[in-house]
Amino acid sequence: MMLRIKDYTTKVGSGVTPRGGAETYLDEGIPLFRSQNVTNDGFLMDDIAFISEEVDESMKGTRVKPGDVLLNITGASIGRCYYTSEDFERGNVNQHVCIIRPKKNKVKPDYLHYCIISDKGQQQIDLTQTGANREGLAVEDIKGFMFDIPSLSVQQRIVDYLDEKLAKIDGRINVLEKQKDAYARLRKSVIHQTITRGLNPNVPLRDSGINWIGMIPEHWTAKRLKDITTLNPQYKGDGNEGIVSYLPMEGLRLDSLSLQDIAFDEGKGKYTFFENGDLLMAKVTPCFENGNIAIAKELKHGIGFGSSEIFVLRATNEINVRYLFYYVQTPSFQDEACTTMCGVGGLKRISPLFMRQRQIILPPLFEQQAIANYLDEKCAKIDAAVENIGKQIDTSKRLKRALINEVITGQRAV
């Protein structure tokens, strides 16, 4: 039977931001579910906020109860939902999360969860979301979402079937994710070992005199970045470049640039200037989450402009830019870079002083080239393996979605 959500619920409503906002959050207390805590596979509790008894009392109308379905109603995570178990104790929600409380004698919360995350549910969300500057769902629209609601016994059979089948797929995804993580660790290990010791395992070593560097090949030197690169070089052209390339922050990924076309006048004086062959690196949190390091190439007129949140390093003739590309991926460099990050709120930046004063170990140029060539080959093989695993993960996720859709719409009998 096709029914609207309001036909079988006792509550459909969103929460509020506690008066005082984030300043009222505690290290312990009553959990406050925000949109980042709600996923289609469960609740993420690592960064859950907590509120006091007093704040919870002031928000008693949005307390979460056992068997509630929580639905994200704003932002990029709109449409994600999960439900609380029967042994759930206490919680509350902010204004970005909607509580849907089904009647126990009508709809099982886990069945409704499957309905909402199915294509049928997501299509209804896509058709009704509003907001000029931010996607959003209105409570009245949510109440009107329609799903096929069979008897409780049929709902239970569907839930049991999906839980069993999806658990097996999730197990496969978990194995693949661990393999992917293992390759990521291998990549870091290969880069670190090669950058700090070179290609000759029998090379004589000496103490670098720098605590965080330790022993290095005896014929290598250590120099500050500012002595072998130019940080954020200035544009010195004649200004007749016409259409040039623009790099937004989200366009910078590991060894990859997603460029846009802009007029030269749009970039000059507004954005960070760079040329073919320059090394680009994000300066903002999380600086290394997606790689966020690449060498500029294939730029129109040989120049480009990027987000002000990007560092540009132009190599001198003392350092191979590809060697530098791998050097800034070493754990020691990245860990220390992140410790220098500062700023207000949640957005922190790597210190420009660190980028100038940081010492790096420097083999002769011919050896830098050999190291870069070696790492190109090794990392290409690892990256290919990671890409293949990623495709398998995507296939498994599509299988999950297809299975949910087939069962919820009755295309697959259970």
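Biologist: How are helix 2 and helix 11 oriented to each other: roughly parallel or roughly perpendicular?

Modeller: Keep in mind that this is a predicted model. Angles from 65 to 115 degrees count as roughly perpendicular. The axes of helix 2 and helix 11 (residues 365-408) cross at roughly 115 degrees. Helix 2 and helix 11 are therefore roughly perpendicular to each other. Their axes come within 9 Å.

Biologist: Which hand does the crossing of helix 2 and helix 11 have, left or right?

Modeller: The crossing is left-handed.

Biologist: Which residues make the contact between helix 2 and helix 11?

Modeller: Start with a general idea. An α-helix has 3.6 residues a turn, so residues three or four places apart point the same way. Now the case here. Helix 2 contributes Tyr111, Tyr114, Cys115 and Ile117. Helix 11 contributes Arg401, Ile404 and Ile408.

Biologist: How many residues of helix 2 are buried?

Modeller: Buried means under 20% relative accessible area. Nine of the nine residues of helix 2 meet that, so the helix is largely enclosed by the rest of the structure. Among them are Pro109, Asp110, His113 and Ile116.

Biologist: What does helix 2 pack on, apart from helix 11?

Modeller: A sheet, so let us read that next. Strands of a sheet pair through backbone hydrogen bonds, either parallel or antiparallel. Here, four strands form an open sheet in the order 2-10-7-8, and the pairing is antiparallel. Strand 2 (9-14) and strand 8 (81-83) are the edges, each pairing on one side only. On average, neighbouring strands are turned by 15 degrees against each other, direction ignored. Helix 2 (residues 109-117) packs on this sheet and touches strand 7 (69-72), strand 8 and strand 10. The direction of helix 2 makes about 175 degrees with that of strand 8.

Biologist: How many bridges join strand 2 to strand 10?

Modeller: Five, with the two strands running antiparallel. Strand 10 spans residues 97-102. For one pair, look at Gly13: its bridge partner in strand 10 is Ile99.

Biologist: How many disulfides does the structure hold?

Modeller: The general idea comes first. A disulfide is a covalent bond between the sulfur atoms of two cysteines. This structure holds zero. Take Cys81: the nearest cysteine sulfur, that of Cys115, is 9.6 Å away. The cut-off for a disulfide is 2.5 Å.

Biologist: Is Cys81 buried or exposed?

Modeller: Cys81 is buried, at 0% relative accessibility. Cys379 is buried too, with a relative accessible area of 2%.

Biologist: Where does phi take a positive value in a residue other than glycine?

Modeller: Asp255 is one of the places, with phi near 60 degrees. Asp255 sits in the loop between strand 17 (252-253) and strand 18 (256-257). Its relative accessible area is 34%, so Asp255 is partly exposed. Glu298 is another, with phi near 55 degrees. Glu298 belongs to the loop between strand 22 (293-295) and strand 23 (303-306). Glu298 is exposed, at 72%.

Biologist: Which residues does Glu318 touch, not counting those up to four places away in sequence?

Modeller: Place it first. Glu318 lies in the loop between strand 24 (310-315) and helix 8 (321-327). Glu318 counts as partly exposed, at 30% relative accessibility. The residues it touches are Lys223, Asp227, Ile228, Leu362, Leu365 and Gln368. Look at Leu365: it is 47 residues from Glu318 in sequence, yet the C-alpha atoms are 6.8 Å apart.

Key: Residues numbered from 1 in each chain as written. Predicted model: local features only at pLDDT ≥ 70, side-chain atom pairs only at ≥ 80, totals over all residues. Heavy atoms only, no water. Pairing = 2+ DSSP bridges. Axes fitted to C-alpha atoms, helices over the stretch in contact; angles between N-to-C directions. Contact = heavy atoms within 4.5 Å. Buried < 20%, exposed > 50% of the residue type's maximum accessible area, 1.4 Å probe, protein only. Parallel < 35°, antiparallel > 145°, perpendicular 65-115°, else oblique. Left-handed = near helix turned anticlockwise from the far one by under 90°.
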